[in-house]
Structures are given as C-alpha cells and as structure tokens.
Amino acid sequence: MGLHRSERCPTCRHRDSGVPMTSSAVIELDGVTRSFGAGHTKTTALDAISLTVMPGEFVAIIGPSGSGKSTLLNILGLLDRSSGGRYLLNGVDVQSLSERDRDRVRNETLGFVFQDSRMLLMDTAAGNASLGLKVRGTPRVDRATRVGAALRRLGLTHRMGETAINLSGGERQRVAIARAMATEPAVILADEPTGALDSKNSESIISHLRELNRQGVTVVVITHDRTVADAADRRVEIVDGVIVADSGAATSKSATAAAEAPAPQNRRPSFAVRLWDEFCDALSVHSSKPARALLLLTAFMLGAGGLVCSIGISESAAAQVTERLTQASLDEVVVRSASGTAFADGFYYADGSASAAINGLEGVRSSGFVASVAAAEARITLLPSGSVPNQPAFDGSVVVADAGYLGAQQVTAAPAHAVGLLSADWGARVALIGEGAAENLGIASVGPGAQIWVDGSAVDIVGVITDTGRKAALREAIVLSPAALGTLTPDDVSLVVRTVPGYPAALAEAIPLAVAPGDPAQVRVETVADLRNLRFGVATDLGTLVGIVSVLLLLLASMSSAIAMYLSVQARSSEIALRRALGASRGSVWRVFTMEGLVIGAAGGVSGAALGVCAVVIVCVLQGWTPTLSPSVLLLGLVAGCVSGICSATYPAIVAARADPAIAIRG
Ligand code: ADP
C-alpha cells in the first residue's frame, strides 16, 4: 500500500487515516522470519516469531548474544524487512509500504535509543535532541519548544547549549532519550540503552524510560541488563531466533495510560524548512572540522581561481593585442608582392625605388624594407665557421631591414648613428643586435671591430638596439642590412609604411599605382586594420587553450575533493545510520552530502574568483597591460565552484544514500 504525500501517516495514533485497523495492538508480528544468505551459508536469525505488544506496554527482549534480538529490533524499527510473515504496526501491514512511507512511519511513530547514544559530537545537546524533528521538517520555533520541554524533563536544561563531545555518557544517553521523546513517538525502541553506563546512570535511564511509559509511550527494550529487564512489565526471551518465554501482556493500567497519552502535534512536513536545515547542517559540519574544510576550500579555490585567472589573463592579453593593432591601424600599412619574389627582387632592396615612390605620396611619413631569414639558413656564428669545433649557431630571429623600416618602427640603437648605417643606399654589410640576442650569442659588449659571421661571411656589428619601439620582438633579434643578405633568400618580404594618422585606407589605393604604374595588381597592400580580424581567431584559440587547462584544473580539484568527501562519508556511517533511523529518506541523506559539497564549492568559487582577480591584476601590472575582466567571469568562478562542489559530492552522496540502515545501525 502506498501513501500519497498529502495523506497522514496511517500508523500514528489518534488519527483518522481511513485505513482499517486490523487490531488494537500497536505491534503485531505473525510468523516473522528473517534469514541471511542462501544455501549452505544461510543463517536464520528469526524463525517464525509471533509477538503482540499492546499500547502502553513496557517490554524487555532478552536472550543470549546471537539469538536474534538486534535483527528483531531492526524489523520492528522498519530498518530491515522480514523474509516472511506479517508485521502490523498500529494495524497497518508495513511490509507492503514503499521505502519512503516506511521512512515517514519511522519518523512519526517510532523513537530510537541506541547503546552508544549516537550523538553528532560537534553539535549541541539541543541540536542533537532536535534531529528527529529536523528530519520531519518541523519549523524551528516548534522544534525549540519541544526540544526545550524534552530536555527539561530529562533534567538537562542547563546543558542545552553544550557540545555533545563535552557531555558525560549518562548525559548523552539522556539527550538520546530527549531526541526520541521530542518527536512524540507511539513506540520507543531501545537497544541496550544502559550497555555503556555505570549503575547510577543506568538507574536514571531506566527511570526516564519508565516515566515515558507511564505517560503512555510503548517501550520495547533489548537488554542484557537484569535491572532493565526487571523494570519492564513484560519479559520476552528469545533463543536461536525463537521466543522461548514470554511473561505475559501488560496490565490494564498501562493500557489506560496509553489511551490518555497526548496526541502527537505533527504538522505537515515542510520541504523548505528541511532544505534550510540541511544547508545549516552543511555549514556546521564544515565549521566543526575547520582543517578539513580549509583543505577542501583550497582545492575548489585553486580550481575556480585558475579558471578566473586564465580567462582574465587571456581577456587582458587579447585587449592588449587589440589596442596595439588599433593603434597601428591608424598609421601603418604593409606592402607586399602579389606575385612572388620577382617584384620583391626588382624593387625592394635592389635599388629602393619602391620606397622612394611611396615616400613621395601624400600622408606618408616614412617607409622601409623588412624581411625575415630562417636562422638555420643564415648560420650566424660569433667566429668563422670551422675555426672552433662545434661552434653553436645563433637560433633566434634574423630580420633583414633598412634604416627606413627601423625609423618607421621608432627603433633606436647605441651608438645613435648605427641605425642609419643600415640604409639601402649605403650598401654596407652591417648588423644591429638586440640585447637578448647579444646574450644569446655570448657578446658582452659591442665595440669597434665587433663581428659576426653570416652564412660564412663576416658582418660588422655596428650597434646594439636600446629601444625596440613598436617591435618588442627585436630585443631577441639580429637585424641585418639588406646588403648583408648575400645569397640568402628572405621570407615574407614587405615594405612597412608609417603614415599620418587616418591615411592608411587612402594610401592602400594609391601605393600600387605609385610603385607599379604598369601593373598595379602586382602590389598588395594590407592595412593593419585587416589584421584586427585575426584578433578574434587568436582570442578564440587562446580561450580554448586556457579553457582546457582550467577545466583540467577544476577536474583535479573536484577529484581530490571527491576523495576527501568519500572518506568523510565512510567516517560518518554512524551518523548516516542515525539519520535513517530517525526517518530521513535516502533522498534526504543524499541532499545532506550534496549540500555540503555545494556549500564548500560555493565558498571556494567566491574566494577563487577573488584570488583570480588579484592574480590577473598582478600579472597585468607586471606586464604593463590594462586588466580586462568582464563581471561574468566572477560569476563563472562562483558557478564553477558550485558545480564542481556538487559533482565532487555526487558519488559520496550516492554511497551515503545507498547505505543499508540495518547494517549501518549495527556499526
Ligand atoms: P543478537 O542481537 O541477539 O546478538 P543478532 O540479531 O545480531 O543477534 O544476530 C542473529 C544471527 O543473525 C546471528 O547469527 C548473526 O550472525 C546473524 N546475522 C545478523 N545480521 C546478519 C547479516 N546482515 N548478515 C548475515 N548474518 C547476520
């Protein structure tokens, strides 16, 4: 039989559930069997047990170890299902209820007291006592009232705010009774409640159970303790899964008291209250274990921070590229041959006539020749090749340029006149060297007579580049004069033209006619504005790359957190069992752990986003860039933290939710 959410629990007393009651007994077992395993490993823990408990009875179940007492209690407590027979709780056959309904019945009808009290050690006495009501979704104010009353009755008002870890064994057990009482159950099931206590505390627990029983609560207690058994109205002895003795049913006094017991004041469970409680629980779990929380937080913070930082840096770098390109697009064009080297050979460096034609146009400030040569082809060495065995060749960038190009790019050198020595008209075989390239070649200083060897011929180094102007890459380059090129074949030959700002578009049309009036199609002119389109490609590629790295970082963070969370689930099996015993559904257990992941992930995401922003600002300041970060990246940090938090908690949460309460409760 299933229950609809809006229906009330059919097993709770004093309710008009519309479900026919088959008996006035609160517990009715008829031929209940429970066996484990199969074949030759089969164990029969309970063998056709029949037992009837009337409302208001105080029953002690006694028997030697291994006789089946805990198995019986698990079945009575709906933590386990029997293999055969019938179990009616308040007249309802609970065997046929769905798992959810059994959870609800457990929460609303049954209260548990275990041998080891099963406290959440870092929570307060009041927090522990309210756990059953939390599981039920009772609003906070109601909860406080009921828990306050329960703790008062157990003489623990002064200890309400004390953390469970600081309570004595007897106090913890009294809190456990208060926890069971607070939900106003019809039946309290106690498993060796005095097993871990001294005689004084045992007496106190027995008297509290008796008091509860006098008020009408049915008490079923499993015990080895003679005093507890003697305090009960009825003793049921079980041996090898069979009831061998039963001292008889309750007196009419208890039954009368049961009829007068107050009706439970259960309100309709609120999912929002439960969710909020689960959120608060997640917070308190983390605050009670700060070292573990800090480790998890660091993992998520690094993941989310890495993501924000890499996206921020790539955005800032892309913005920087755009700025430079935009600047260049205002006053620079590049002229190339449309048909291969013939044009280049003819005009660029042979006689400089193309430059001369361009320089005559309106709006042109200066122009110059530039080409690159593969380092392997140039074979640049410090000494003549063959003079020293295994002499390393220069492996940096080799640029061929004239003075016009260097001037157009605002490059300066020491000595200052050295740039002019690269003039095409001059025809000297000379070179300028960037500071980085000088280090690369092992040149400490450049003085008169300094030379390098280019493709087997000596070339004078006439100066060192002191300011790379608009071409930062020249720091690592050797710049050869056009005449120093010898027989080398240059790649990517072009003329770079600096213009008056705003002239590039007009000059793009005028230059081909000026340079090759007979065949302007031979000349191709690119304004740098065209190159700006490249930015999008570059930014996309860069974005994809950093995206992959960041996602890998996040995955690593999630994996390490998942391992930590999984270990924590293992360590908290007792708490999970307790929550299940108090009626928490599998879904609720799953939510508790997922919420923990979400909370720590969100905290890691926020702190990671802050860390990422700081890192972006630092990198940009060091690079001289303007930090560029869209606000959505900060949100992304938070979302990434939350998602990775939830993902890392998913498997541990499933493991926790799947735990079998009957096995977990045995510890
Ligand atoms: P008691 O509580 O009286 O000590 P139990 O109810 O724990 O006894 O166990 C009764 C019998 O059932 C024992 O032989 C025990 O080994 C067996 N048993 C209990 N639970 C399981 C289980 N999950 N799997 C296999 N055997 C079990």
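Axes here are lines fitted to C-alpha atoms, for helices over the stretch in contact, and angles run from 0 to 180 degrees between N-to-C directions. With that in hand, take helix 10 (residues 271-288) and helix 20 (residues 586-623): they pack at about 55 degrees, their axes 8 Å apart. Keep in mind that this is a predicted model. Below is a quick tour of two helix pairs, two open sheets, an enclosed helix and a handful of residues with backbone features to look at.

**Helix 10 against helix 20**

- The angle of about 55 degrees makes helix 10 oblique to helix 20, because angles under 35 degrees count as roughly parallel and 65 to 115 as roughly perpendicular.
- As for handedness, helix 10 and helix 20 cross in the right-handed sense.
- On the helix 10 side, the contact uses Phe271, Arg274, Leu275, Glu278, Phe279, Ala282, Leu283, Val285 and His286.
- Facing them from helix 20 are Ser588, Arg591, Val592, Met595, Glu596, Val599 and Ile600.
- Sorted by class, the contact of helix 10 with helix 20 comes to 10 nonpolar, 2 polar and 4 charged residues.

**Helix 5 against helix 6**

- Helix 5 (residues 140-153) and helix 6 cross at roughly 135 degrees, and their axes come within 9 Å.
- That makes this pair oblique as well, since only angles over 145 count as roughly antiparallel.
- The crossing of helix 5 and helix 6 is right-handed.
- Helix 5 brings Arg146, Val147, Ala150, Leu151 and Arg153 to the contact, while helix 6 supplies Val175, Ala178, Met181 and Ala182.
- The class count for helix 5 with helix 6 is 7 nonpolar, no polar and 2 charged.

**The 4-stranded sheet and helix 1**

- This open sheet has 4 strands in the order 2-1-4-5, with antiparallel pairing.
- Its edges are strand 2 (43-53) and strand 5 (92-93), each of which pairs on one side only.
- Strand 1 (residues 27-36) is joined to strand 2 by 7 bridges in the antiparallel sense.
- If you want a register marker, leucine 29 has leucine 51 in strand 2 as its bridge partner.
- Helix 1 (residues 69-76) packs on the sheet and touches strand 1, strand 2 and strand 4 (84-89).
- The direction of helix 1 makes about 125 degrees with that of strand 1.

**The 6-stranded sheet**

- Here 6 strands form an open sheet in the order 6-7-8-3-9-10, and the pairing is mixed.
- Strand 6 (110-113) and strand 10 (242-246) are the edge strands, each pairing on one side only.
- On average, and ignoring direction, neighbouring strands of this sheet are turned by 20 degrees against each other.
- Strand 9 (residues 234-239) runs antiparallel to strand 10, with 4 bridges between them.
- The bridge partner of glutamate 237 in strand 10 is alanine 245.

**Helix 19, tucked in**

- Of the 9 residues of helix 19 (residues 573-581), 7 are buried, so this helix is largely enclosed by the rest of the structure.
- The buried set is Glu575, Ile576, Ala577, Leu578, Arg579, Arg580 and Ala581.
- Just after helix 19, glycine 583 has a positive phi of about 105 degrees.

**Backbone features in loops**

- Leucine 78 has a positive phi, near 60 degrees, in a residue other than glycine.
- You'll find leucine 78 in the loop between helix 1 and strand 4, and with a relative accessible area of 3% it is buried.
- Glutamate 184 also has a positive phi, near 50 degrees, in a residue other than glycine.
- Glutamate 184 sits in the loop between helix 6 (169-182) and strand 7 (187-191), where it is partly exposed at 27% relative accessible area.
- The peptide bond from alanine 414 to proline 415 is cis, with omega near -5 degrees.
- Proline 415 belongs to the loop between strand 14 (412-414) and strand 15 (430-434).

**Around alanine 438**

- Alanine 438 is part of helix 16 (residues 435-441).
- Its relative accessible area is 8%, so alanine 438 counts as buried.
- Neighbours within four places in sequence aside, alanine 438 is in contact with Ile433 and Ile443.
- Alanine 438 and phenylalanine 394 are 44 residues apart in sequence, and 9.7 Å apart in space from C-alpha to C-alpha.

How values were computed. Residues numbered from 1 in each chain as written. Predicted model: local features only at pLDDT ≥ 70, side-chain atom pairs only at ≥ 80, totals over all residues. Heavy atoms only, no water. Pairing = 2+ DSSP bridges. Contact = heavy atoms within 4.5 Å. Left-handed = near helix turned anticlockwise from the far one by under 90°. Nonpolar A, V, L, I, M, F, W, Y, C, P; charged D, E, K, R; others polar. Buried < 20%, exposed > 50% of the residue type's maximum accessible area, 1.4 Å probe, protein only.
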